[in-house]
Amino acid sequence: MLRQGKLVGRVVTFLDIAERKRAEEALRKSQAQLRMADRLATVGTLSAGVAHEINNPLAYTVANLSFVQDALARLPDSMPGVDVAELRASIAEASEGAERVRRIVKDMKTLSRMDDERIGVVDVEAALDASVNMAIHELRHRAQVVKDYARVPLVRCNEGRLVQVFLNLLVNAAQAITGNAPERNEVRLATCVDGRGRVAVEISDTGVGIPEEVLPRIFDPFFTTKPVGVGTGLGLSICHSLVTGMGGDIEVASKVGVGTRFLIVLPAAGA
Ligand SMILES: Nc1ncnc2c1ncn2[C@@H]1O[C@H](COP(=O)(O)OP(=O)(O)OP(=O)(O)O)[C@@H](O)[C@H]1O
Ligand SMILES: [Mg+2]
């Protein structure tokens with residue numbers, strides 16, 4: 001009895017430690033998730049402030065550029081001592097730059113609505129475009145971005161969250177493409193309506209692919225194959241929880257050396 005009691009005692013102690021370790025691990029994970037959520041909220045608030053501050057000076061920059069552009073258009077093509085064509089080209093370039101800033105500010109505003117709970121009808125293709133604009137720095141040097149849109153119905157969700165989902169997938173796609181051959185790589189965004197009338201979005205890349213044994217773990221929080229400082233392993237777990245929170249589904253198919261394809265299916269707003 002005594003011997004048995006001791007043994008039981010030991011087993012119980014062992015289970016206790018394992019249980020406590022599991023609880024500690026779970027606590028550590030949820031604390032880190034909270035920190036991440038907090039960081040995202042801070043980024044949102046910050047971008048809202050910055051976007052607001054940029055808007056005014058941007059408005060008069062754009063107005064003045066367009067004033068000068070009109071004036072230059074009325075000048076004769078050649079004038080002594082003035083290269084009119086060069087002036088026109090410089091102003092055109094400046095206007096293009098200002099237009100790009102305007103788009104970035106607009107996208108930052110979308111992202112800053114992330115912690116806003118508001119649900120509305122959202123144009124999935126516009127959300128994809130906004131995400132591409134935000135990820136363009138990562139994408140440009142790695143692949144060509146190909147859009148294949150089928151003009152799908154609107155979906156009902158929070159726009160900022162949908163943009164966040166697409167952005168995470170696009171950054172992953174860019175990071176999966178190694179080497180320096182953007183002309184030989186592709187990140188493809190396609191939309192269609194599936195057999196059940198739901199909106200389907202496919203984001204595929206010609207990157208390194210995901211080994212079969214790794215595939216079941218990629219949606220786990222903190223699962224990453226990237227070096228410290230590059231990835232925290234939260235991107236796909238956030239995508240998964242956001243998409244399921246919208247009543248949708250996210251799936252992956254991948255082949256090493258060929259590429260990866262994520263499929264997101266969302267209920268149409270009218271459904
Ligand atoms: N498009 C992809 N191609 C190849 N591997 C991918 C792709 N997307 C995700 N993965 C794999 O899944 C893992 C988890 O992705 P996830 O986005 O959750 O985290 P992460 O990108 O490593 O870090 P974070 O997104 O937090 O910066 C990645 O580390 C990578 O191994
Ligand atoms: Mg990621």
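A polar contact is taken here as a pair of N or O atoms within 3.5 Å. In this predicted model, Asp205 meets that cut-off with ligand 1, since one of its polar side-chain atoms lies 2.9 Å from a nitrogen atom of the ligand. The side chain of Thr224 contributes another such pair, with an N or O atom 2.5 Å from an oxygen atom of ligand 1. Gly235 takes part through its backbone, where an N or O atom lies 3.3 Å from an oxygen atom of ligand 1. The protein covers 90% of the 590 Å² of accessible area that ligand 1 has on its own. Helix 4 (159-176), helix 5 (235-245) and strand 7 (259-266) are the elements that give two or more residues to the shell around the ligand.

Altogether, 20 residues surround ligand 1, and the closest of them are Thr224, Thr225, Lys226, Thr232 and Leu236. Helix 4 supplies the largest share of this shell, with three residues. In character, the shell is made up of nine nonpolar, nine polar and two charged residues.

It helps to place this site within the fold. The chain has five helices and seven strands, and along the sequence these follow the pattern α-α-β-α-β-β-α-β-β-α-β-β. Of its 271 residues, 32% count as buried. In helix 5, the buried residues are Leu236, Ser237, Ile238, Cys239, Leu242 and Val243. Leu236 is thus a buried residue of helix 5 and also one of the residues closest to ligand 1. After helix 5 comes Gly247, which has a positive phi near 80°.

Just ahead of helix 4, attention turns to Asn158, in the loop that runs from strand 3 (155-157) to that helix. Asn158 has a relative accessibility of 4% and therefore counts as buried. Its side chain reaches the backbone nitrogen of Gly160 at 3.1 Å.

The surface offers a contrasting picture. Leu75, Met79, Val82 and Leu87 form a nonpolar patch there, with about 270 Å² of accessible area together. Within this patch, Val82 sits in the loop between helix 1 (2-74) and helix 2 (84-112). Val82 has a relative accessible area of 33%, so it is partly exposed.

Charged pairs complete the description, with a count of eight salt bridges. One of them lies within helix 1: Arg22 pairs with Glu19, the closest N and O atoms being 3.0 Å apart. The two residues are three apart in that helix, which means that about one helical turn separates them. Arg22 counts as exposed at 54% relative accessibility, whereas Glu19 is partly exposed at 44%.

Other salt bridges involve Arg188. With Asp148, its closest N and O atoms are 2.6 Å apart. This pair links distant parts of the chain, as Arg188 belongs to strand 4 (residues 186-193) and Asp148 to strand 2 (residues 144-148), 40 residues apart. Both partners are partly exposed, Arg188 with a relative accessible area of 24% and Asp148 with 37%. Arg188 also forms a salt bridge with Glu202, the closest N and O atoms being 3.9 Å apart. Glu202 lies in strand 5 (residues 199-205), so this pair ties strand 4 to a part of the chain 14 residues away in sequence. Glu202 is likewise partly exposed, at 22% relative accessibility. Through shared partners, salt bridges join Asp148, Arg188, Glu202 and Arg261 into one network.

Key:
Residues are numbered from 1 along each chain as its sequence is written. Chains are lettered from A and ligands numbered from 1 in the order in which they are written. This is a predicted model: local features need pLDDT of at least 70, side-chain atom pairs count only at pLDDT 80 or more; totals for chains, interfaces and linings use all residues. Side-chain values use heavy atoms; hydrogens and water are left out. A residue is near a molecule or strand if one of its heavy atoms lies within 4 Å of it. A polar contact is a pair of N or O atoms within 3.5 Å; within protein, one must be able to donate a hydrogen and the other to accept it, and residues adjacent in sequence count only if both atoms are side-chain atoms. Accessible areas come from the Shrake-Rupley method with a 1.4 Å probe; for residues, only the protein chains shown count as cover. Helices (H or I, at least four residues) and strands (E, at least two) are DSSP runs, numbered from the N terminus. Ala, Val, Leu, Ile, Met, Phe, Trp, Tyr, Cys and Pro count as nonpolar, Asp, Glu, Lys and Arg as charged, and the others, Gly among them, as polar. Patches are made of residues with over 30% relative accessible area and no salt bridge: like charges are joined within 9 Å, nonpolar side chains (Val, Leu, Ile, Met, Phe, Trp, Tyr) within 5 Å. A salt bridge is a side-chain nitrogen of Lys or Arg within 4 Å of a carboxyl oxygen of Asp or Glu. Buried means under 20% relative accessible area, exposed over 50%, partly exposed in between (1.4 Å probe, protein chains only).
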